[in-house]
Amino acid sequence: MNFLAHIYLSGNNEAVTIGNFIADGIRGKKYQKFPKEIQTGILLHRQIDTFTDAHKTVRESTKRLHKNYGHYSGVIVDILYDHFLAKNWSNYSDIPLDTYVDTFYDSLQDNFEMLPSRIQKMMPYMIADNWLLSYATIEGISKVLVGMNKRTENRSKMNLAVNELQEFYDEFEDEFTRFFEELIQFSKEKLIEIQNK
């Protein structure tokens, strides 16, 4: 899953949410240098990724992209699934998406010193272009895919995946919806399990 899903699946705890958000940049046991609740978020992120990568419904989505994008298919599906979460946000939260993401951006700024340098450098762009809110539109997702393609020095051709999104829109949305219900339940259970260790 991509940024928005990880943030959402953290629940209402600010520190857990930040931990989940920064987790991709924290390798091995380096998470142990962070405060306990941030550690919880990092460990939850890892559990979510493992569950997602192995899930048969997610694999239906990645299989559709594999021929054109190879091992980048999983990354693309993570981004596409964030689109469907943002687009259908009111099905999952009573807080409007624009309010929710503004609160999260405020939280990042309040905890700036704790963020890894990679996130500190990325954050101004994320907030200025309002990435999380932009996920709700195809145009927003297209910009994300263009940016990701640039980061792979145009090797991934991820910018073209908006074509598959439009062609197989209903299929991707159905797969996301089925999978996300399971992921919400899984994440709630794992969060309790990690907190009780």
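Colleague: Let's start with arginine 155 and glutamate 153: are they buried or exposed?

Modeller: Both are exposed. That label calls for over 50% relative accessible area. Bear in mind that this is a predicted model.

Colleague: And what makes arginine 155 and glutamate 153 a salt bridge?

Modeller: Their closest N and O atoms are 3.2 Å apart. The cut-off is 4 Å, so the pair qualifies. By this rule the count comes to six salt bridges.

Colleague: How do you know that arginine 178 forms a salt bridge with aspartate 174?

Modeller: Same reasoning: the closest N and O atoms sit 3.1 Å apart, and the limit is 4 Å. Both residues lie in helix H11, four residues apart, about one turn of the helix. An α-helix has 3.6 residues a turn, so residues three or four places apart point the same way.

Colleague: Why are arginine 178 and aspartate 174 called partly exposed?

Modeller: Arginine 178 has a relative accessible area of 37%, and aspartate 174 has 40%. The partly exposed band runs between 20% and 50%, so both values fall inside it.

Colleague: Which salt bridge joins lysine 190 to a residue in helix H11?

Modeller: The one with glutamate 193, where the closest N and O atoms are 3.2 Å apart. Lysine 190 and glutamate 193 are both in H11, three residues apart, again about one turn.

Colleague: Why is lysine 190 called buried, while glutamate 193 is called partly exposed?

Modeller: Lysine 190 has a relative accessible area of 17%. Buried means under 20%, so lysine 190 makes the cut. Glutamate 193 comes in at 38% and therefore counts as partly exposed. As for sharing partners, salt bridges join Glu60, Asp174 and Arg178 into one network.

Colleague: On to helix H2, residues 14-22. What makes you say that H2 is largely enclosed?

Modeller: Eight of its nine residues are buried, so the rest of the structure largely encloses it. Those eight are Ala15, Val16, Thr17, Ile18, Gly19, Asn20, Phe21 and Ile22. They pack against helices H1 (3-8), H3 (36-54), H6 (97-110), H7 (117-128) and H11.

Colleague: What happens at the start of H2?

Modeller: A side-chain oxygen of asparagine 13 reaches to within 2.9 Å of the backbone nitrogen of alanine 15. The limit for a polar contact is 3.5 Å, so that distance passes.

Colleague: Which residues have the most contacts inside the largest nonpolar core?

Modeller: Phe21, Met126, Leu132 and Phe180, in a core of 65 residues. Helix H11 (residues 169-195) gives the most to this core, with 10 residues. Beyond its neighbours within four places in sequence, phenylalanine 180 is in contact with Met1, Ala5, Tyr8, Leu9, Leu85 and Tyr92.

Colleague: How do you know that the overall size agrees with a compact globule?

Modeller: For 197 residues, such a globule would have a radius of gyration near 16 Å, and the protein has 16 Å, so the two agree. The C-alpha atoms fill a box of roughly 45 × 35 × 35 Å along the principal axes. Of the 197 residues, 50% count as buried.

Colleague: How many helices and strands does the secondary structure come to?

Modeller: It comes to 11 helices and zero strands. Among contacts with a separation of 6 or more, residues 24 or more positions apart account for 68%.

How values were computed: Residues numbered from 1 in each chain as written. Predicted model: local features only at pLDDT ≥ 70, side-chain atom pairs only at ≥ 80, totals over all residues. Heavy atoms only, no water. Core = buried A, V, L, I, M, F, W, Y, C linked by side-chain atoms within 4.5 Å. Buried < 20%, exposed > 50% of the residue type's maximum accessible area, 1.4 Å probe, protein only. Helix = DSSP H or I, 4+ residues; strand = E, 2+ residues; numbered from the N terminus. Contact = heavy atoms within 4.5 Å. Polar contact = N/O pair within 3.5 Å; in protein donor to acceptor, adjacent residues only side chain to side chain. Salt bridge = Lys/Arg side-chain N within 4 Å of Asp/Glu carboxyl O. Rg over C-alpha atoms; globule rule 2.2 N^0.38 Å.
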